[in-house]
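Open the model in a viewer and keep the selection panel at hand. The stops below go from whole chains to one helix and then to the contact between chains.

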Amino acid sequence: MNPYDVLPLAMLGGLLGLDVVSFPQAMLSRPLVAATLAAGLLGDPGAGLLIGATLELIALETLPFGASRYPEWGSAAVVGGAVFVHDAAHPAGMMALAMVAALATAMLSGWSMVKLRQLNAHWAARHRSGLDAGARGTVIGLQLRGMTADFVRGAVLTAVAFAVLAPVAHAAATVWTFDVRVSRGVAVAAAASVALAAAWKILHTVPAARWLFAGGLLAGSLAVVLR
Amino acid sequence: MRVRAQVLLRLLAIQGAWNYETLLGNGIGFCIEPALSLLPGGVHTPRFKEALARQSRYFNAHPYLAGVAVGALARAEIDGEAPERIERFRTALCGPLGSVGDRLVWAGWLPFCSLIGLVVFGLGGGPVAVLAIFLGLYNAGHLALRAWGLQIGWTHGLRVATALAHPLLRRGPQAIGRATALAAGIALPLAFGRVIGPGRYLLGGVVLAVVAGALLVIRLEGRLEGWRLALLALLAFALISVAR
């Protein structure tokens, strides 16, 4: 484990974790982007795009409505992308293992966001008198404190998750017994299942959606067959 | 112009202190503060402080449409509207700006752009092309919505409710939903085809597994999210692979 790999990944995880909710919510934290950037930091953006697209299929399910609880994909996808390219040989099970690493991080990151929101409430309660007095410094200070805490949360989570999960994934990959076809097939099946269910969840109340989806499916499938 | 730019920039950070008690409240105060500095006497007057205190209380809205509230409330404060009227307006604005934004953006524009990104990926696009198209398309809509919201809020003030009948907000979610359905149909096989790589030799089995898995996720909706199910399945697969 090279500290010169962990630090930039932690910074990236912090920035992209911040993008999920706090600033600027420009979807830099989506897995398609985050995993590609993380793998790019380690020298293989193409591989990062592959794992990023796979995780993006799963992330289609996440609808980040207000107070609902959902995975924080920014730091999770950074960990997934970095784990996937950490071993340059891309052994057979690496996609499945990288997905496990990303999804496990996503579970922890979602929990950490809930804790951060509770901390924000605690800080706001402590500064109630300043808020009631309309103190400019209090309002701005709370906002900046929340954003700083969100960045630190994402950075620490990314660093710890990568430091723990990258060696575990590497060790598992060395004793992996399924061949690459089965391993890739299972990984893709898992992601595509969630994506298909997500499409139903988002679209089943939209008029004419099923016909448009079917038409698109025909066009997309033909494009795959003809390529 | 400078104040508008400051407010627009701060809108990008409106959720920085989001919490389960006041939700977006502090964020509204944070964003509206540069506009309130235009009040007579500036930031050290009782009028400024009362306005800022009022605007930093509980509020709920979609972050991209919160600019409607920020613009309208800033206009109301600067026009000297009665505090009780501003409070009632604030309360009335909460619900619509949340639900419309969720349908338009989180359940509409975001999955649509994500699927377009996956189409480009599935057609063989490299990292630069995929990221540029996804981020460019998404943020063109994102930033336009924030800027538009602030503009109509400031222009209409307490009468902004009539502006919320804009066709974009009324018909946009359904139109984007239809486009998303088409994009999903095209994107899923294309992305699937590129990611599966060597696994395409087992295509038949994988397709069956996908359909069965999707039905299971739909069946379990509300009890277990799909991503958790995927984690459990992949973890089990990994343990079997390592242990056998």
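A residue counts as buried if 20 or more other C-beta atoms lie within 10 Å of its own, with C-beta atoms placed from the backbone. The model is a predicted one.

**Stop 1: chain B**

Select chain B and colour it by burial: buried residues make up 50% of its 244 residues. Switch to a cartoon, and ten helices and zero strands appear. From the N terminus on, the order of elements is α-α-α-α-α-α-α-α-α-α. The radius of gyration of chain B is 23 Å, well over the 18 Å that the globule rule gives for 244 residues, so the chain is more spread out than a compact globule. Along its principal axes, the C-alpha trace of chain B spans about 75 × 35 × 30 Å. Of the contacts in chain B between residues at least 6 apart in sequence, 73% join residues at least 24 apart.

**Stop 2: helix 9 of chain B**

Next, select residues 203-219 of chain B, which form helix 9. This helix of 17 residues reaches 24 Å from its first C-alpha to its last, close to the 24 Å expected at 1.5 Å a residue. Which residues of helix 9 of chain B are buried? Show Val206(B), Val210(B), Gly213(B), Ala214(B) and Val217(B) as sticks. They cover an arc of only 105° around the axis, which puts them on the same side of helix 9 of chain B. An α-helix has 3.6 residues a turn, so residues three or four places apart point the same way.

Now turn to the face away from the buried side of helix 9 of chain B, where the exposed residues Gly204(B), Leu208(B), Ala212(B) and Arg219(B) sit. To see what covers the buried residues of this helix, add helix 8 (167-196) and helix 10 (226-243) of chain B, and helix 8 of chain A, which are included in the cover.

**Stop 3: chain A**

Select chain A, which has nine helices and zero strands. Its C-alpha atoms fill a box of roughly 65 × 50 × 25 Å, taken along the principal axes. Buried residues make up 57% of the 227 residues in chain A.

**Stop 4: between the chains**

Show both chains and select the residues in contact: 97 of chain A with 88 of chain B. On the side of chain A that touches chain B, helix 8 of chain A gives the most, with 23 residues. The residues of that side of chain A divide into 68 nonpolar, 20 polar and nine charged.

Key. Residues are numbered from 1 along each chain as its sequence is written. Chains are lettered from A and ligands numbered from 1 in the order in which they are written. This is a predicted model: local features need pLDDT of at least 70, side-chain atom pairs count only at pLDDT 80 or more; totals for chains, interfaces and linings use all residues. Two residues are in contact if their C-beta atoms, placed from the backbone, lie within 7 Å. Helices (H or I, at least four residues) and strands (E, at least two) are DSSP runs, numbered from the N terminus. Ala, Val, Leu, Ile, Met, Phe, Trp, Tyr, Cys and Pro count as nonpolar, Asp, Glu, Lys and Arg as charged, and the others, Gly among them, as polar. The radius of gyration is taken over C-alpha atoms; the globule rule is 2.2 Å times the number of residues to the power 0.38. A residue is buried if 20 or more other C-beta atoms lie within 10 Å of its own, exposed if 12 or fewer, and partly exposed in between; C-beta atoms are placed from the backbone. The expected span of a helix is 1.5 Å times one less than its number of residues. The arc is that of the directions from the helix axis to the C-beta atoms.
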